[in-house]
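Trainee: I should like to learn how to read strands, sheets and packed helices in a structure. May we work through an example together?

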Amino acid sequence: LGVDRTWTVVAPTLSFIATVGPAWHRGAKLALVDSDSTGNMSVSLLAQALSRLSITRSPFPMPHILVIGVDLYGKCCDYDGIAKVCRRYGAKFFVDAAESVGSKYKGRGSGSGGFAAVYSFNGNKTVTTSGGGAILTDSKPLATAVKKLSTQSREPVLHYEHKEVGYNHRMSNILAAIGLAQLDRLPDILAKKRKIAAAYGIADDGSNHWLNVLYLKDEKTRDAAIVRLAKAGIEARPVWKPMHLQPVFAGNRKVKVFGGETAEDLFRRGICLPSGAALTKSDLCRIRNMI
């Protein structure tokens, strides 16, 4: 997209740092938006952010604003709401669907909002190739450009010709074959994940339930549960630490923050529970009894 220091990238503050890392490497400014009650980006605060940015970014046209929606822990963000706000202000909308392979939004597949989306196939994801991911888009020119960049940006001529410097970001055929085999099993994996979520008392809301999250009374209660589980050899973690609290971004003049209190509260109380499809009923009973 040509994102550089003249751009501002808007993203939810409650996310993994990889959501905003590439923009930071490109020199872009960041605008971090608070969560709604679901943990995903607040559409109303996004509207406030774009309204403010449309004034402060007056030397540049609004296409220099990129909004990244994140499907937090597999639950799709409000694609339609975000897209509507982006259209109002002329901003581009892109979906970080890294965690939501197999999730649904109003009957549509995850990543179906915006002009493009990304999935992650990291080793801990619902579908894995051990690493890497995929870019999804309805735009043939964008797909062609991405494929070219991922293969060293070689021009389509007999010899090796390069008009730009690309990357060696191709997935190997062997890893792709593993991923395709897992995609065949995706319905079965999702069915198991739904049963695990139900065992934790979490409603089926179209999420793939990549990680199941419970919000406890307070930070002390959450930390005590993590310690109890750890002593029994069961790993659990807090939810993502909001980006505006990360030392690398906190107080930086290139970072604007819109809200933040909701994300901070969810961070203090949230616990990510074991969610792998191989969990048994006895595993789940043992975990539930220790929370």
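**Reading strands and helices**

Mentor: Let us begin with a pair of strands. Strand β3 (residues 65-70) pairs with β4 in the parallel sense, over five bridges. Please keep in mind that this is a predicted model.

Trainee: Which residue stands opposite V95 of β4?

Mentor: The residue opposite V95 is G69, and G69 has its place in strand β3.

Trainee: Through which helix does the chain cross from β3 to β4?

Mentor: The crossing goes through helix α3 (residues 79-89), and this β-α-β crossover is right-handed.

Trainee: With which other strand does β4 pair, and over how many bridges?

Mentor: β4 also pairs with strand β7 (residues 116-120), in the parallel sense and over three bridges. There V95 has A117 of β7 as its bridge partner. Strand β4 (residues 92-96) is mostly covered, with four of its five residues buried.

Trainee: Is G69 buried or exposed?

Mentor: Residues under 20% relative accessible area count as buried. The value for G69 is 0%, and G69 is therefore buried. Apart from neighbours within four places in sequence, G69 is in contact with several residues, including M41, C77, I82 and F93. As for A83, its C-alpha lies 9.6 Å from that of G69, and the two are 14 residues apart in sequence.

Trainee: How should I read the edges of a sheet, and which strands stand there in the sheet of β9, β10 and β12?

Mentor: Begin with the order of the strands. Here three strands form an open sheet in the order β9-β12-β10, with antiparallel pairing. β9 (212-215) and β10 (237-238) stand at the edges; each has a single partner strand, so one side of each lacks a neighbour in the sheet. Between β10 and strand β12 (residues 270-273) there are two bridges, in the antiparallel sense, and P238 has I271 of β12 as its bridge partner.

Trainee: Which helix lies across these strands?

Mentor: Helix α8 (residues 261-269) lies across β9, β10 and β12, and runs at about 55° to β12.

Trainee: How does one describe two packed helices?

Mentor: One gives the angle between their axes and the distance between the axes. For helix α5 (residues 173-184) and helix α6 (residues 186-199), the angle is about 60° and the axes are 4 Å apart. The two helices, α5 and α6, are therefore oblique to each other. Q182, L183 and D184 of α5 make the contact with L186, P187 and I189 of α6. Of the residues in this contact of α5 with α6, four are nonpolar, one is polar and one is charged.

Notes: Residues are numbered from 1 along each chain as its sequence is written. This is a predicted model: local features need pLDDT of at least 70, side-chain atom pairs count only at pLDDT 80 or more; totals for chains, interfaces and linings use all residues. Side-chain values use heavy atoms; hydrogens and water are left out. Axes are lines fitted to C-alpha atoms, for helices over the stretch in contact, and angles run from 0 to 180 degrees between N-to-C directions. Angles under 35 degrees count as roughly parallel, over 145 as roughly antiparallel, 65 to 115 as roughly perpendicular and the rest as oblique. Contact means heavy atoms within 4.5 Å. Ala, Val, Leu, Ile, Met, Phe, Trp, Tyr, Cys and Pro count as nonpolar, Asp, Glu, Lys and Arg as charged, and the others, Gly among them, as polar. Two strands pair if DSSP finds at least two bridges between them. Buried means under 20% relative accessible area, exposed over 50%, partly exposed in between (1.4 Å probe, protein chains only). A crossover is right-handed if, with the strands pointing away from the viewer, the path from the first strand over the helix to the second runs clockwise.
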